[in-house]
Amino acid sequence: MGLDPKNWAGLKPFGLGEQKPNNYLEIWKAVRENRGQRRYAWRILRDGACDGCALGTSGMRDWTMDEVHLCNIRLRLLRLNTMPPLDGGLLADVSKLAGKSSAELRDLGRLPYPMLRESGDAGFRRIGWDEALNLAADRLRQAGPDKFGLYMTSRGEPNENYFAAQKAVRALGGNSIDNAARICHSPSTVALKGSLGVAATTCSYTDWIGSDLIVFIGSNVANNQPVAMKYLYHAKKEGTKVAVVNTYREPGMDKYWVPSNIESAVFGTRITDRFFLVNVGGDVAFLSGVLKMMIDNNWVDHEFVDSHTTGYTELAESLSKRSYEELSALSGASEDDMRELARMLHEAKTAVLVWSMGVTQHEFGEDNVRSIINLGLAKGFVGREKSGLMPIRGHSGVQGGAEMGAYSTALPGGLAVTPENAATFAELWGFEVPSSPGRTAPEMLEADLDVLISSGGNFLEVLPDPAASRRALARIPLRVHIDICLSSQMLVEPASAVLLLPAQTRYEMIGGVTATSTERRIIFSPEIPGPRIPEAWPEWKITTELAARTRPEISEQVRYSGTPQIREDIARSVPVYTGIENLKAKGDNLQYGGPLLCAGWKFPTPDGRARFSVVEVPPLNRPDGTFVVTTRRGKQFNSMVYEKRDALTGATREAVLMNPIDADRLGLKDGDPVRLKSDTGELTGRVVRAPVTPGNLQVHWPEGEVLIDRNKRSPQAGIPDYNAVVRVG
């Protein structure tokens with residue numbers, strides 16, 4: 001298609017003078033950071049499946065459009081894969097590392113070999129793999145199934161690692177295995193499964209392009225999934241309208257310069273047609289008001305509702321008892337806002353509803369997601385082209401993590417932990433599988449564990465109330481940290497012993513690996529020739545070897561010869577992944593369920609119908625003189641911070657984003673120091689006036705963790721609530 005001036009962000013060439021990322025500078029930084037290993041870095045980019053967000057690529061191409069994709073997130077992650085080993089002598093006295101930031105610890109290099117620190121030691125000493133594994137196996141044997149847990153991160157984790165780890169944990173007699181999917185999208189899994197009978201996005205990325213409408217709710221793809229902005233550029237060219245429901249008018253969602261597209265790179269692209277600003281936690285109230293408006297104006301697709309759903313009458317009756325005034329007060333948005341989004345949905349014949357952690361990370365996260373599903377079902381925006389319900393994933397390993405069974409509450413394939421399902425896997429694997437749910441990640445730290453195995457991640461940065469996490473880690477007799485580089489949680493004083501075990505990256509594993517994208521596409525990532533850390537092991541081998549040495553009588557049932565054998569086991573254990581065993585080369589992939597789930601409005605529920613849900617509208621818990629603060633991401637990936645200043649917003653890490661009305665009321669100017677105090681802790685920052693909903697604040701994560709109450713979690717998924725009520729001083 002030709003030039004389209006109506007979508008241009010402006011006439012400044014390349015957005016000169018605008019607050020935006022300098023994508024070409026990012027390329028130069030990647031070239032500079034990977035000096036000495038540039039050829040290896042290039043091979044990773046050219047041939048590997050991206051280890052960043054879950055949009056999913058093979059090399060630098062995907063299945064959505066025939067264009068080259070290379071985002072800033074992937075460029076920054078490159079160094080994790082190419083950096084040399086650290087000097088083990090640096091860990092001989094860890095007091096010398098005190099005060100170093102996570103970025104500084106990470107930049108020291110890869111973990112070179114197994115290391116051990118025992119209580120009373122100043123630091124770590126080198127040990128061999130046999131000594132390390134035998135020590136851990138002995139402790140696991142003594143601990144028993146109720147006294148250990150295993151947590152897995154999501155960055156770079158392939159399906160093979162997840163599957164092997166969960167099988168190892170179950171071979172040890174427990175179900176206490178959890179991964180980052182818990183604290184990202186577990187409410188989405190619960191709500192989608194209950195409403196539609198499926199637990200993943202129902203459509204494909206191609207459905208964005210040409211859809212009448214895309215609605216982003218609590219999702220900032222400009223920051224977290226930058227390649228998606230190219231999809232939106234093409235969607236806008238096709239006439240797609242974009243609406244955003246959020247607490248902050250994200251600058252990157254307003255206008256964006258796609259660097260690999262000439263038109264967008266020069267003139268930018270105006271992305272969002274309409275922003276709807278709501279309170280933190282006001283999503284249920286706002287979306288309920290939108291649906292009420294659709295019902296009152298007869299804008300619901302009654303033919304679809306009557307033929308393919310249940311629960312609509314009860315939902316409509318519950319909404320009839322709510323007034324727009326009440327819903328407006330709770331949501332922070334006006335009745336006119338509700339009417340406008342309702343009108344946009346009414347006029348759209350097709351629409352995709354996209355959401356992320358701004359929706360899920362609440363103590364009522366499941367109801368937040370159910371409210372979105374209700375809205376989609378009201379117009380039948382599911383099971384057909386250019387429409388769908390999409391919980392978009394921020395990490396390349398998250399979707400597969402839960403589906404492989406690396407979950408304390410679910411077995412492979414997302415099956416509930418029940419005696420019947422446990423018996424099925426026991427017969428398949430040849431050992432008894434425990435039949436009751438295990439502990440979630442937060443519950444592991446609260447329990448009196450004897451052994452904690454942590455694969456990547458950092459509880460000091462990921463979970464609320466880092467001081468409590470530090471105390472919990474220090475109580476555990478044996479901590480086993482499997483990782484590629486150093487993190488601050490490894491330096492917490494050992495109660496008895498701490499083991500560091502060096503792992504391989506996904507690009508180093510012989511036989512290649514697979515990862516599952518947001519659109520359910522299982523993508524093969526081949527081994528990439530290049531330098532290696534000689535003593536680093538593939539993670540699947542570490543976890544299965546621990547199980548084999550702990551229970552030698554079933555060692556043959558848990559050991560694998562390589563990743564091809566693991567994929568064969570996955571195909572047997574997870575029927576929807578059938579075909580994964582045939583993925584062997586770059587570009588090999590399969591999309592389980594096909595382009596659309598619930599195609600033709602056939603829902604895999606007991607009665608074949610989708611379910612509307614009556615949801616409780618949460619109260620606005622904001623006493624006079626207080627604010628509700630939520631956490632946001634800056635120039636970072638997960639908790640790995642790469643820059644002090646976010647190129648999209650211009651805000652530094654100490655920024656407290658505040659509405660100008662609130663700032664004027666408090667007599668605060670840009671840059672003024674300010675202290676936020678919650679019942680849990682305090683955070684000092686500096687005011688940045690920004691288009692956030694009045695009465696609400698945003699601070700960066702993980703810095704804002706000190707304000708968060710670790711005891712607030714959603715009722716079904718157990719996801720922590722990453723928001724807090726604070727006073728400003």
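**Exercise 1. Helix packing**

At what angle do helix α12 and helix α15 pack, and how far apart are their axes? Determine also the relative orientation of the two helices and the residues that form their contact.

*Solution.* The model is predicted.

Step 1. Helix α12 spans residues 283-296 and helix α15 spans residues 324-331. The two pack at an angle of about 150°, and their axes lie 8 Å apart.

Step 2. Angles over 145 degrees count as roughly antiparallel; α12 and α15 are therefore roughly antiparallel to each other.

Step 3. The crossing in which α12 passes α15 is left-handed.

Step 4. On the α12 side, the contact comprises A285, F286, S288, G289, K292, M293 and D296. Their partners in α15 are Y324, L327, L330 and S331. Classified by type, this contact holds six nonpolar, three polar and two charged residues.

**Exercise 2. Enclosed cavities**

How many cavities of 30 Å³ or more does a search of the whole structure find? Characterise the largest and the second largest.

*Solution.*

Step 1. The search yields eight cavities of 30 Å³ or more.

Step 2. The volume of the largest cavity is about 690 Å³. Its lining consists of 43 residues, and those nearest the centre are N224, M357, G358, T631 and R633. Two or more lining residues come from each of α7 (182-196), α8 (221-224), β6 (241-246), α17 (357-360), β22 (626-632) and β23 (636-637).

Step 3. By class, the lining of the largest cavity contains 14 nonpolar, 24 polar and five charged residues.

Step 4. The second largest cavity holds about 450 Å³ of space. It is lined by 33 residues, with T153, R155, G456, G457 and D483 closest to its centre. The elements giving two or more residues to this lining are α3 (72-82), α4 (102-106) and β16 (478-483).

Step 5. The lining of the second largest cavity divides into ten nonpolar, 15 polar and eight charged residues.

**Exercise 3. The largest pocket**

Which element supplies the largest share of the lining of the largest pocket? Give also the volume and the composition of the lining.

*Solution.*

Step 1. The largest pocket contains about 680 Å³ of space. Among its 31 lining residues, T189, K193, A199, G413 and G414 are the closest to its centre.

Step 2. At least two lining residues are supplied by each of α7, α19 (398-403) and β14 (415-416). The largest share, five residues, belongs to α7.

Step 3. By class, the pocket lining has 17 nonpolar, ten polar and four charged residues.

Step 4. Helix α7 also gives two or more residues to the lining of the largest cavity.

Key:
Residues are numbered from 1 along each chain as its sequence is written. This is a predicted model: local features need pLDDT of at least 70, side-chain atom pairs count only at pLDDT 80 or more; totals for chains, interfaces and linings use all residues. Side-chain values use heavy atoms; hydrogens and water are left out. On a 1 Å grid over the protein atoms alone, a cavity is a set of points where a 1.4 Å probe fits but cannot get out, and a pocket is an open set with protein on both sides within 12 Å along at least five of seven lines; lining residues have an atom within 4 Å of a point. Grid points are joined across faces, edges and corners, and a volume is the space filled by probe spheres set on the points. Helices (H or I, at least four residues) and strands (E, at least two) are DSSP runs, numbered from the N terminus. Ala, Val, Leu, Ile, Met, Phe, Trp, Tyr, Cys and Pro count as nonpolar, Asp, Glu, Lys and Arg as charged, and the others, Gly among them, as polar. Axes are lines fitted to C-alpha atoms, for helices over the stretch in contact, and angles run from 0 to 180 degrees between N-to-C directions. Angles under 35 degrees count as roughly parallel, over 145 as roughly antiparallel, 65 to 115 as roughly perpendicular and the rest as oblique. A crossing is left-handed if the near helix is turned anticlockwise from the far one by less than a right angle, and right-handed if clockwise. Contact means heavy atoms within 4.5 Å.
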